[in-house]
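Open the model in your viewer and turn on the cartoon view. Keep the sequence panel beside it.

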Amino acid sequence: MELKQKFTKSLSAALLFAGLGLATAAQAQTLRFGSNFALDHSSTKAMEVFKSELAKTDVDLDVNLFPALQLGGAQENVDQVRSGAIAGTWIGISYLSRIVPELEAVSIPFAFAERQQAFDLIDGPVGEKFNALLAEKGFVSLGYMELGFRNVTNSKRPLNSASDFEGLKIRLQPNETHLATFRALKANPISMDVKEIYSAMQQGVIDGQENPYSIISTNRFNEVQTYLSDSQHFYDYIVVVVNKDSFERLSASEQAAVKASMTSAINWQREQAAADDQAAKQALIDAGMVFTPLSAETRAELRQRSSGIVEMLKQKIGAEIVDQVTTELAID
């Protein structure tokens, strides 16, 4: 009888221990991030850095990454974060401009001369303003990676002059300032999710698109495009956002660990993106694309044609944020 009681107590203790183990495991939270960026894009690699850095901390958080359209297109990922279906996404900032129109203030055409200028802008008061506006809409911004300077490709002709842009059916992001800019250039801009671009160009629905070299390369757009330019008409960011309610349910130490790990990832990505940009450009040329650099005269004419965009932006999103951007960038 005594032996039976000891066995029962031992079994109960073992079950209790196992139960505590299961409870501990159940307490570990998994943060799910989805994105449209390809597996070999620097932003996806940066998210792996984030995952690795977070694993080194003392917090009990896991990260699952779903890049390359695994959870749907860019707009779907935004909706999933907003509803809390996933924790977060890393995404081109334009896909949030329908929710926070003020984000378009950094979409002034031909505004940036080089990437450090873009980093200084987004890491300062302008970025802080964006973060506050995103929070009002249910998102927490964890920082901004480089998407890069956007360049036009097409299947019709090399872009030797401003008039060569006229009439081209060019896919753009769902950003009204981007679309208005290309209308001012007398092109025919079409808003389309990134997941539809390749087939649309392949089928001749559109003549071309505009993206950083790295996106053109990782998405193999060169397979259905002939001409490559260095128009650099916009500089673009990738913003990492998470669901605000979900983030605020994390403990203070968990929030701090997530932010610190993401900062490390973003710093890594910004350095890597610069190297990847030039490597991608050369890879596209080596793959057979016809590269035509824009002359200073052509760029000046394109800038003049799109000069009314600043005033249009002021009317749309308010002069304060636009003036803040133009002042920091020293735009007349």
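This tour goes from a sheet to a helix pair and then to the cavities. Remember throughout that the model is predicted.

**Stop 1: the sheet**

Strands of a sheet pair through backbone hydrogen bonds, either parallel or antiparallel. Select β7, β6, β8, β5, β9 and β11, in that order. Together they form an open sheet of six strands, and the pairing is mixed. Which strands sit at the edges? They are β7 (188–191) and β11 (290–292), and each pairs on one side only. Now look along the sheet: from one strand to the next, the twist averages 25°.

Zoom in on β11 and its partner β9, residues 227–229. These two strands run in the parallel sense and share three bridges. Show Ser-229 as sticks; Thr-292 in β11 stands opposite.

**Stop 2: a helix across the sheet**

Add helix α6, residues 176–184. This helix lies across four strands: β5 (151–154), β6 (169–172), β7 and β8 (208–211). Compare the direction of α6 with that of β7: the angle is about 160°.

**Stop 3: two packed helices**

Two packed helices are described by the angle between their axes and the distance between the axes. Select α12 (residues 309–317) and α13 (residues 319–328). Their axes are 7 Å apart, at an angle of about 140°. The two helices are therefore oblique to each other.

Next, show the side chains where they meet. From α12, pick Val-310, Leu-313, Lys-314 and Ile-317. From α13, pick Ala-319, Ile-321, Val-322, Asp-323 and Thr-326. Colour this contact by type: six residues are nonpolar, one is polar and two are charged.

**Stop 4: the cavities**

How many cavities of 30 Å³ or more does the structure hold? There are two.

Start with the largest, which has a volume of about 110 Å³. Its lining has 13 residues. Select Asn-36, Phe-37, Val-194, Asn-211 and Ile-215, which lie nearest the centre of this cavity. The full lining divides into six nonpolar, five polar and two charged residues.

Move on to the second largest cavity, with about 60 Å³ of space. Its lining includes His-41, Ser-42, Glu-146, Leu-147, Gln-269 and Asp-276. Two elements, β4 (139–149) and α10 (252–286), give two or more residues each to this lining. Which element gives the largest share? Helix α10 does, with four residues. By type, the lining of the second largest cavity has three nonpolar, five polar and three charged residues.

Methods
Residues numbered from 1 in each chain as written. Predicted model: local features only at pLDDT ≥ 70, side-chain atom pairs only at ≥ 80, totals over all residues. Heavy atoms only, no water. Axes fitted to C-alpha atoms, helices over the stretch in contact; angles between N-to-C directions. Parallel < 35°, antiparallel > 145°, perpendicular 65-115°, else oblique. Contact = heavy atoms within 4.5 Å. Nonpolar A, V, L, I, M, F, W, Y, C, P; charged D, E, K, R; others polar. 1 Å grid on protein atoms, 1.4 Å probe; cavity = no way out; pocket = protein on both sides within 12 Å on 5 of 7 lines; lining within 4 Å. Points joined across faces, edges and corners; volume = space filled by probe spheres on them. Pairing = 2+ DSSP bridges.
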